[in-house]
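Me: Hey, can you walk me through this structure? I'd like to start with the aromatic rings and then look at the inside.

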Amino acid sequence: MVNDASTQNSTLAGHLLDQYAGRIARSKRPYLLGLSGLQGSGKSTLAREMKAQAEARGWPTEVLSLDDFYYSRSERDVLAHQIHPLLRTRGVPGTHEIELLMSVLAALPQASEKLPVPYPRFDKGRDTRVPPSRWPKVARPPRLVILEGWALGVRPQLQAALEDPVNELERNEDPDGVWRHWVNKQLRAYQPLWRKLDALIVLQAPNWDVIREWRSQQEEELLARHAPLAMDAEAMARFLAHYERLSRHALATLPALADSCVEYDTQRHVTGLSHF
């Protein structure tokens with residue numbers, strides 16, 4: 001496939017919309033398309049391109065990001081105090097307000113100018129939600145809803161897989177496994193949401209080391225712009241350690257659960273596109 005990033009995204013978005021066009025057209029309610037990719041895989045950029053192309057085809061489209069449904073910092077502080085200190089860091093299952101996302105999805109088919117549907121925005125620079133007065137509002141029923149997120153579609157791990165720590169963070173700060181067992185249990189509460197997806201597209205990176213590199217590149221750009229709370233290399237490594245377990249699990253298991261799988265090389269070039 002083409003190497004230029006914007007051309008590649010444009011081509012890929014077109015291919016994916018072509019694949020689902022018939023189903024989107026036939027659907028009696030907003031078609032819910034899941035876009036799952038690990039950190040730095042380009043899912044947000046691809047989702048925006050798919051929205052632009054879908055609307056050019058006459059399909060009102062909304063993009064929702066799982067990241068926007070993170071609990072606020074104060075709410076995560078409560079989790080950290082009540083359950084485990086590692087829950088202060090956003091990212092793992094249990095740090096999203098899934099009930100709010102489900103209620104937004106349920107309300108979208110009835111969205112109107114008189115009764116617009118608001119949904120949250122999360123400010124990663126400040127690590128908390130923006131005030132509800134600044135939430136975007138949907139004022140028309142969408143034909144297509146693209147839900148993008150880093151662990152979309154992931155199923156809980158087997159208990160035996162939780163026994164051994166995967167990195168230094170787990171070894172030193174979760175030696176008895178309380179945090180990882182709790183996170184894995186929370187993932188069960190995400191399964192009803194995954195079942196609502198009409199189709200799941202997985203952006204498949206080569207391996208975890210590449211994901212770490214891609215996500216670190218994003219943070220270096222934020223540092224260069226002097227973004228608030230941008231992380232240096234050491235803070236970034238610690239942050240990513242929270243994600244490593246489920247990211248490795250996603251890399252190993254998600255392609256088999258996908259309706260479409262986009263394979264990337266280490267330079268983020270698309271090397272394959274499969275539909276199942």
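**Rings, core and cavities**

Reply: Sure. Searching the whole structure turns up five aromatic pairs. Keep in mind that this is a predicted model.

Me: How are the rings of Tyr 20 and Tyr 31 arranged?

Reply: Their planes sit at 40 degrees and their centres are 6.4 Å apart, so the pair counts as tilted. Tyr 20 belongs to helix 1 (residues 5-26) and Tyr 31 to strand 1 (residues 31-37), so the pair ties together parts eleven residues apart in sequence.

Me: And is Tyr 20 buried or exposed?

Reply: Tyr 20 is buried, because its relative accessibility is 1% and the cut-off for buried is under 20%. Tyr 31 is buried too, with a relative accessible area of 4%.

Me: OK, what about Trp 150 and Tyr 243, what kind of pair are they?

Reply: That pair is edge-to-face, because the planes are at 70 degrees, with the ring centres 4.8 Å apart. It links distant parts of the chain: Trp 150 is in the loop between strand 7 (144-149) and helix 5 (168-173), while Tyr 243 is in helix 9, 93 residues apart. Both Trp 150 and Tyr 243 are buried. Ring pairs also join Trp 150, Phe 239 and Tyr 243 into a cluster.

Me: Switching topic: how many residues are in the largest nonpolar core?

Reply: The largest nonpolar core has 81 residues, and Met 50, Leu 64 and Ile 201 have the most contacts inside it. Helix 9 (residues 233-257) gives the most to this core, with nine residues.

Me: What does Leu 64 touch?

Reply: Leaving out residues up to four places away in sequence, the contacts of Leu 64 include Leu 101, Val 104, Tyr 119 and Ile 146.

Me: Now the empty spaces. How many cavities of 30 Å³ or more are there?

Reply: There are two cavities of 30 Å³ or more. The largest cavity has a volume of about 50 Å³, and its lining includes Trp 179, Arg 180, His 242 and Arg 245. Helix 6 (178-188) and helix 9 are the elements that give two or more residues to that lining. By class, the lining of the largest cavity has four nonpolar, one polar and three charged residues.

Me: And what lines the second largest cavity?

Reply: Trp 150 is one of the residues there, along with others including Ser 36, Val 202 and Leu 254. Strand 1, strand 8 (199-204) and helix 9 each give two or more residues to this lining.

Me: How many charged residues does the lining of the second largest cavity have?

Reply: The lining of the second largest cavity has no charged residues, with seven nonpolar and three polar. The space in the second largest cavity is about 40 Å³.

Conventions:
Residues are numbered from 1 along each chain as its sequence is written. This is a predicted model: local features need pLDDT of at least 70, side-chain atom pairs count only at pLDDT 80 or more; totals for chains, interfaces and linings use all residues. Side-chain values use heavy atoms; hydrogens and water are left out. A nonpolar core is a set of buried Ala, Val, Leu, Ile, Met, Phe, Trp, Tyr and Cys residues joined through side-chain atoms within 4.5 Å. Buried means under 20% relative accessible area, exposed over 50%, partly exposed in between (1.4 Å probe, protein chains only). Helices (H or I, at least four residues) and strands (E, at least two) are DSSP runs, numbered from the N terminus. Contact means heavy atoms within 4.5 Å. Rings of Phe, Tyr and Trp (its six-membered ring) pair if their centres lie within 6.5 Å; planes under 30 degrees apart count as stacked, over 60 as edge-to-face and the rest as tilted. On a 1 Å grid over the protein atoms alone, a cavity is a set of points where a 1.4 Å probe fits but cannot get out, and a pocket is an open set with protein on both sides within 12 Å along at least five of seven lines; lining residues have an atom within 4 Å of a point. Grid points are joined across faces, edges and corners, and a volume is the space filled by probe spheres set on the points. Ala, Val, Leu, Ile, Met, Phe, Trp, Tyr, Cys and Pro count as nonpolar, Asp, Glu, Lys and Arg as charged, and the others, Gly among them, as polar.
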